[in-house]
Amino acid sequence: SKNMKTLNAIALVLVIVGALNWGLVGLFNFDLVATIFGDMSTLSRVVYSLVGVSAILVAAKLPKLVK
């Protein structure tokens with residue numbers, strides 16, 4: 001359905017954002033999420049949580065994506 005496609009697209013974008021953020025942390029010791037929203041602020045924790053949940057959703061879809 002259209003709602004599931006939208007949810008999957010949002011989840012994929014959030015996983016990419018999370019991966020890019022971890023890349024910045026690993027390469028430059030720079031946490032973009034913490035810089036924008038504050039170090040472990042409520043909003044940062046929401047973003048980190050949404051990225052984690054999105055990773056679970058994308059991982060669950062992975063077998064269909066690699067077919």
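## Loop residues with positive phi

N29 is exposed (over 50% relative accessible area, whereas buried means under 20% and partly exposed in between, with a 1.4 Å probe and protein chains only), its relative accessible area being 69%. This is a predicted model, in which local features need pLDDT of at least 70 and side-chain atom pairs count only at pLDDT 80 or more, while totals for chains, interfaces and linings use all residues. Residues are numbered from 1 along each chain as its sequence is written, and side-chain values use heavy atoms, with hydrogens and water left out.

N29 is found in the loop between α1 and α2 (helices are DSSP runs of H or I with at least four residues, numbered from the N terminus), and N29 has a positive phi of about 55° although it is not a glycine. M40, in the loop between α2 and α3, also has a positive phi, near 55°, without being glycine; M40 is partly exposed, at a relative accessible area of 45%.

## Helix α3

The 24 residues of α3 should span 34 Å (1.5 Å times one less than the number of residues), and the end C-alpha atoms are 33 Å apart, which agrees. At A59, α3 bends by about 30°, and the proline P63 follows within four residues; the bend is the angle between axes fitted to the seven residues ending there and the seven starting there.

S44, V47, V51, S54 and V58 are the buried residues of α3, and these pack against α1 and α2 (contact means heavy atoms within 4.5 Å).

Terms used. Helices (H or I, at least four residues) and strands (E, at least two) are DSSP runs, numbered from the N terminus.
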